[in-house]
Number of protein chains: 2
Amino acid sequence: MESQTSSETVKLAEYLFTRLKQLGVEAIHGVPGDYNLHLLDFVEPAGLLWVGNANELNAGYAADGYARIKGVGALITTYGVGELSAVNSIACAYTERAALVHIVGTPPRASQESRLNIHHTLGDGDYRHFAQMSSHVVAAQTNLVDPVTCAEQIDAILKQCIVHSRPVYIEVPMDMVAVPVLADRLRSEVSVIEPPRSPNHDAALTKVLERIYAAKQPLILVDGEARALGLIDGIHQLINSTKWPTFTTGFGKSLVDESLPNVHGVYNGGYADPAIKTFMDGADLIVCFGPHFSSTNSYQWSAIPKTDITICFTWSGIKVGNETFRDVLAKSALSQLLQQLDSSKFKTYSTDLSLPRSQILPFKDAPSGSKVAQAKFWRLLANFLRPGDVVLGETGTAAYGVREMLLPKHTHLFTSVTWLSIGYMLPAAQGAALAQRQLVASSQYHSLSSARTILVIGDGSFQMTVQELATIIRHKLDVVVFLINNDGYTIERCIHGLNQGYNDISRWKYLQAPSFFGAPKDAYTAEVRTYGDLEQVLGDKAMADGKGLRMVEVFMDRNDAPAGPLFDMIRKQESLQ
Amino acid sequence: MESQTSSETVKLAEYLFTRLKQLGVEAIHGVPGDYNLHLLDFVEPAGLLWVGNANELNAGYAADGYARIKGVGALITTYGVGELSAVNSIACAYTERAALVHIVGTPPRASQESRLNIHHTLGDGDYRHFAQMSSHVVAAQTNLVDPVTCAEQIDAILKQCIVHSRPVYIEVPMDMVAVPVLADRLRSEVSVIEPPRSPNHDAALTKVLERIYAAKQPLILVDGEARALGLIDGIHQLINSTKWPTFTTGFGKSLVDESLPNVHGVYNGGYADPAIKTFMDGADLIVCFGPHFSSTNSYQWSAIPKTDITICFTWSGIKVGNETFRDVLAKSALSQLLQQLDSSKFKTYSTDLSLPRSQILPFKDAPSGSKVAQAKFWRLLANFLRPGDVVLGETGTAAYGVREMLLPKHTHLFTSVTWLSIGYMLPAAQGAALAQRQLVASSQYHSLSSARTILVIGDGSFQMTVQELATIIRHKLDVVVFLINNDGYTIERCIHGLNQGYNDISRWKYLQAPSFFGAPKDAYTAEVRTYGDLEQVLGDKAMADGKGLRMVEVFMDRNDAPAGPLFDMIRKQESLQ
C-alpha cells in the first residue's frame with residue numbers, strides 16, 4: 001500500500017458534514033439517540049442547523065421535503081429504534097426520487113464485532129438486521145468502519161445520492177465519529193463527471209429530431225421525475241421555442257411555468273376535458289420528460305401516452321417509440337437537442353388552439369352564504385397563491401384538489417403520486433419551509449425576498465404526524481395550514497366502507513393546536529364554513545402576510561371530493577348503500 | 001390430492017378473526033388503508049373491537065401493550081406505507097417477546113402477479129420488498145394466496161406466535177378476504193401439543209435437584225421472559241415453598257408478588273444495596289427464570305449471575321452451570337420440579353435475613369414546600385398504587401424510577417429493557433388499558449372489579465406519539481398520565497451532551513392536551529411542582545377514582561435522575577463541564 005504523505009486531517013464527522021454543506025445542505029433533520037449524540041456534537045460547529053424533530057418518521061418526511069426544494073436533504077437517526085421508525089419515509093423518498101442522506105449513528109465497532117447484547121439490538125448478536133432492512137429502499141449503503149477508506153466511501157455514496165436522486169444510507173459507529181481522516185479530498189467538491197457519450201447518443205438524437213420534424217400534432221408532457229433528472233431549464237427552453245401545447249402529470253405539476261400560454265395544466269386521462277382528450281388522442285408525437293407512470297399519477301393508466309408516438313427522456317436512456325437508446329443521459333441529450341433544433345422544421349400551431357387551461361375562480365362565483373364544497377374550494381384557494389409559494393396537497397382529497405389550481409410562477413407543488421403515505425405532508429411542509437427560508441436568505445430563490453409554505457391537509461392525515469407543528473413553531477417557519485375537517489378518512493370512504501366506523505377518527509379541537517404546541521398567543525387561527533368565511537380569511541392581512549404558523553380549519557362534507565376519480569368513486573359507493 | 005367431503009365454509013377473514021378470538025384477542029389495533037378496507041369489514045361482525053389508531057407505529061405499540069396484558073395482540077396495517085410505519089413496533093415486540101399478530105392487507109393477487117406499477121409500491125414491480133424487510137423482526141411469515149391451504153397456514157403461524165411469544169406476519173391479498181375456506185378446523189381451537197419429552201428431560205431435572213439440595217445459600221432471580229415462558233404460577237409456588245430470597249430484574253419486576261416477605265425487588269448489580277450485594281456474592285445457587293441479559297436490563301452486565309452457580313430456565317432448554325439440556329421445556333420442567341421437590345432436603349433460611357426490601361416513602365418524609373426531585377418522587381408515587389394497576393414507566397428517568405416502587409399484588413409493570421424505543425409507552429398504555437378493561441369485564445382480572453392504567457412518561461417521549469391520547473379519550477379508557485416535564489431528553493443528557501441544544505425539545509403546553517384531543521371539558525388536569533402539590537393531587541378523589549383520561553404535569557430539574565446508572569452518568573457529565 002502506498003502511504004499518503006499529506007498530513008492535514010479532519011475528524012470524520014467534520015469531513016461528512018463539510019461534504020453535505022458543499023452539496024447545499026444547510027440543515028439536518030433528525031432525533032437524538034445515544035448512538036448518534038457524539039455525531040451531533042459536530043452538526044452546528046459545521047455551520048449546519050440542527051432541526052430536532054419530534055420523532056424519526058416525521059424527521060424523515062421533513063428531510064425529504066427539504067430535499068425536494070433544496071436538492072439534497074439529510075437525516076440523522078440512531079441505530080435500530082430510530083432508523084426503523086424512519087424507514088417508511090425513506091421508502092417514500094426512494095419511490096418519488098428525493099435525494100436524502102440518511103446517517104445512522106451505530107454502536108461502537110468493538111460492541112458490534114463482539115456481538116454484544118446491548119440495547120437497541122434484537123438481542124441476537126446480529127448487528128446487520130437494520131441495514132439489511134433499509135437496503136430495499138435506498139440507492140446505496142456504506143458502513144464507515146475504516147479510517148483508511150471512509151472519506152472515499154462518503155464521496156462515492158454522496159455521488160450515488162445525487163445521480164439517482166434517491167436516499168442513501170451511511171452507518172457511523174460511535175467510535176468513528178472523531179477519527180482523523182485525510183482532508184485533501186475536501187479541496188474539490190464531490191462532482192459527478194459525465195461519462196463519455198454512449199455510442200447510442202447520436203443515433204438517439206437523430207431519431208428524436210426525425211420524429212420532431214415529422215410531427216403534425218406534437219405536444220409536450222412533463223412528469224415529476226424531470227426534476228430529479230435536471231431537465232427543468234431545458235424543458236422551459238423547449239416549451240418557449242416550440243410553443244407546443246404542454247401538459248403535466250400530477251407529479252409534474254409546478255415544474256413548468258403555468259403562466260405560459262401554452263401550458264395547460266394536468267392531463268388527467270380518462271377525466272380530461274373533452275377538448276383536451278380529443279387533442280391528445282389526435283397527437284402523433286408526445287415528448288415526455290421524466291415519466292413516472294404509477295396508477296395514481298397516471299389516473300389508472302388512462303393518462304399514459306401511447307408508446308409508438310412517444311419520445312421519453314428517462315433514467316435509463318431515451319426511448320423513441322418502442323426503441324430504447326440505453327445510457328443516453330437525459331440531461332445532455334435534451335441540451336444537445338435544444339442546440340440542434342431547427343425552428344423552421346417543426347410544427348407551429350396557430351396561436352389559439354382553444355384548449356382549456358386551469359382557471360382561478362373569482363369569489364363572485366361562489367355564494368358567500370353557501371357551505372364550502374370541494375367543487376369550488378380549490379380554484380378559489382388559488383386566488384391566495386403568490387409566486388414562490390410552496391404548496392403541499394396531502395394525499396386524500398387535497399392531492400386531487402391542488403391539481404386544479406392555477407399556480408403562479410415559481411410555485412413548488414407537493415402532491416404524492418405513488419408512495420401516498422398519509423402523514424407525509426405536514427412534516428414535509430416543515431422541511432420545505434426551512435429550505436425555502438434558507439434559499440431566500442441566500443438570494444437563491446427566484447429573486448424573491450419572501451415566500452410562504454401552504455399546507456392543505458385532511459383531518460385524518462393531520463392526526464398522523466401532528467407533532468411536527470411544534471417544530472414549525474419552534475423554528476418560526478412561515479407556514480399556513482388549511483386543515484380540511486371532513487370528519488374522517490374521506491379518501492378511504494371513496495374506496496370502500498362509506499359509512500363504516502373504521503373510517504371514522506377521533507374528533508379533535510384542531511384550532512387549539514397552535515396554542516398546545518407552543519405558538520405565541522396571537523398565532524392566527526380561523527374557522528371557515530362558507531365561501532364568505534373563506535374570502536374573508538384569505539383576504540386577511542394577518543393571515544396572508546403574517547409570520548410563523550397560521551392555521552385555518554375548513555369544514556367540508558365528509559362525502560365530498562374534487563371532480564375526478566375520488567368523486568366518481570364516492571358516488572359509486574353511495575349507489576351501493 | 002384427496003378432496004375434502006366437508007362442505008361447511010366460512011370466508012377467509014371470518015376464519016382468521018375467529019381464530020384470533022379463540023386466542024383471547026377481543027380488539028384489533030391498526031389504521032385503515034385501501035388494501036385492508038375489505039378485511040376491516042369483518043372485524044366488528046366477528047365480535048372484535050376495532051380500535052382505529054392515529055398512526056401505524058402507535059397502533060403497533062398499542063397492540064404490543066395489549067398483548068403483554070392479554071396474552072396475544074393483533075394489528076392490521078396496509079401494504080407498504082402502513083406496515084413500514086409500524087415496523088419499529090414489531091421489532092420492539094420481537095425483542096421483548098410480545099405475541100403480536102401483524103396482518104397486512106396487500107394488493108390483489110392479479111396486481112402482484114403482473115407486477116403492476118400501483119401506488120404503495122416502490123414502482124419496480126417487486127411486491128416482496130416489505131415482507132422481506134419484516135422478516136428480520138418476526139418469528140414467522142405467511143402469505144395467504146391460496147384458498148386450499150390458507151386455513152392451515154393461519155393455524156400454523158398462530159402457533160408460532162404463541163409458542164415463541166413473538167410477532168408473526170400474515171399477508172392477506174384484497175381478493176382473498178372473502179374466499180370460502182373449509183370451516184371444519186374451527187371446531188377445535190389452535191392448541192400447542194407438547195412434544196414427547198426430550199431425552200434430556202430427566203437428566204436435567206436430576207441435575208437441578210442435586211444443585212438445589214446441595215445449595216447452602218440459594219436464591220431465586222426472575223427475569224422478564226418468564227412471563228412469555230408461562231412460568232409465573234410455578235415460580236410463585238417455588239417462592240412460597242422454599243421461602244428463598246427472591247429478586248427480579250427490571251424486566252421481571254411485577255411478575256412476582258412483591259408483598260411476599262421474601263421478595264426483595266430489583267437486583268441492580270453494581271448499584272445494589274451493600275447487604276444485597278454481599279448476599280448475592282455469597283450465593284452458591286441462583287435459580288433464574290426467563291433470563292434476558294441485555295445491557296440495560298443487566299445494569300451493564302453487572303447483575304448477571306455467575307454461570308457456574310446458576311440454573312437457568314430458558315427458551316432453548318435448562319442450563320445448569322455450563323451444561324445445557326437442550327429442548328427441555330421450561331414450563332414442564334418447572335412443573336415437574338415442583339412435584340418432585342422434597343422440602344426436607346433444601347436450605348431453609350431463618351426468618352430474618354435482614355435483606356432490605358423496596359419501601360414506600362410516606363409524605364411526612366418529603367417537605368411539602370420542596371420541589372419534586374427524582375430521589376423521592378418514585379417512592380412517594382408508590383403510595384398511589386392499588387392492586388391490579390398497570391404501571392408503565394417510559395424509557396428515560398421513569399424506566400429506572402418505577403423500579404424503585406414497591407408494587408401491590410397483581411400490578412403489571414411495563415419498563416422497556418432492550419428495545420428502548422422512546423414513544424412506546426403512551427400507545428402501549430392505550431393497548432394495556434383496553435386489555436385490562438376487557439379482562440375486568442369478563443371477570444378474568446384477579447377478581448378485581450376495576451383497575452387503572454398509570455403512565456409515567458418524560459416530555460421528550462410524550463412528544464413522539466402524543467396523538468394516541470386521542471384514542472385513549474375516544475375509547476374512554478381509564479388512564480392516568482404523569483408527564484415529567486424536565487425540559488428535554490434528560491436520558492440523553494445523562495449519556496452525552498448535557499447542555500447541547502440537540503437535547504432540547506419544543507416547549508408545549510402539556511396540560512392542554514386533553515382538551516385539544518377531544519376530552520370532556522371536566523377532564524382532570526393538574527400541575528405538580530412541590531411535594532405538597534403531589535400529595536394533594538394523589539389524594540384527590542377525582543384523580544384517583546375518576547374515569548377516563550387524567551393528566552398531571554410534574555416539573556423536575558432537567559439534570560435530575562433516580563439513583564442508579566443515570567444519576568451516576570449525569571454527575572459525570574456535569575464534572576466534564
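These notebook entries concern two interfaces in a predicted model: one between domains 1 and 3 of chain A, the other between chains B and A.

**Entry 1. Domains of chain A**

I began with the domain assignment of chain A, which gives domain 1 (9–187), domain 2 (200–340) and domain 3 (363–576). I then took up domain 1 and domain 3 of chain A, whose C-alpha centres lie 31 Å apart.

**Entry 2. Domain 1 against domain 3 in chain A**

I looked up the contact and found 24 residues of domain 1 of chain A touching 28 residues of domain 3 of chain A. The two domains bury about 2100 Å² between them, and carbon and sulfur atoms give 62% of that area. On the side of domain 1, I noted A:Tyr61, A:Ile69 and A:Glu96, which supply 30% of the area that this domain buries against domain 3, more than any other three residues.

I next checked the polar side of this interface. I recorded zero salt bridges between domain 1 and domain 3 of chain A, but 19 residue pairs in polar contact, both residues of each pair being at pLDDT 80 or more.

I also asked which elements of domain 1 give two or more residues to the side that touches domain 3. They are strand S2 (27–30), strand S3 (49–50), helix H3 (56–70) and helix H4 (81–95) of chain A. H3(A) provides the largest share, nine residues. By residue class, this side of domain 1 divides into 11 nonpolar, eight polar and five charged residues.

**Entry 3. Chain B against chain A**

I turned to the contact between the chains, which takes 74 residues from chain B and 74 residues from chain A. Chain B and chain A bury about 6200 Å² between them, with 60% of it on carbon and sulfur atoms. In chain B, I found that B:His136, B:Tyr502 and B:Phe516 lose the most area to chain A, together 12% of what that side buries.

For the polar side, I noted zero salt bridges between chain B and chain A. I did find 41 residue pairs in polar contact between these chains, both residues at pLDDT 80 or more.

I then listed the elements of chain B that give two or more residues to the side touching chain A; among them are helix H3 (56–70), helix H4 (81–95), helix H6 (129–134) and helix H19 (513–516). The largest share of that side, eight residues, comes from H4(B). I closed with the residue classes: the side of chain B that touches chain A divides into 36 nonpolar, 31 polar and seven charged residues.

Methods:
Residues are numbered from 1 along each chain as its sequence is written. Chains are lettered from A and ligands numbered from 1 in the order in which they are written. This is a predicted model: local features need pLDDT of at least 70, side-chain atom pairs count only at pLDDT 80 or more; totals for chains, interfaces and linings use all residues. Side-chain values use heavy atoms; hydrogens and water are left out. Domain bounds come from an automatic or database domain assignment. Contact means heavy atoms within 4.5 Å. Buried area is the accessible area (1.4 Å probe) that two parts lose on being put together, summed over both. A salt bridge is a side-chain nitrogen of Lys or Arg within 4 Å of a carboxyl oxygen of Asp or Glu. A polar contact is a pair of N or O atoms within 3.5 Å; within protein, one must be able to donate a hydrogen and the other to accept it, and residues adjacent in sequence count only if both atoms are side-chain atoms. Helices (H or I, at least four residues) and strands (E, at least two) are DSSP runs, numbered from the N terminus. Ala, Val, Leu, Ile, Met, Phe, Trp, Tyr, Cys and Pro count as nonpolar, Asp, Glu, Lys and Arg as charged, and the others, Gly among them, as polar.
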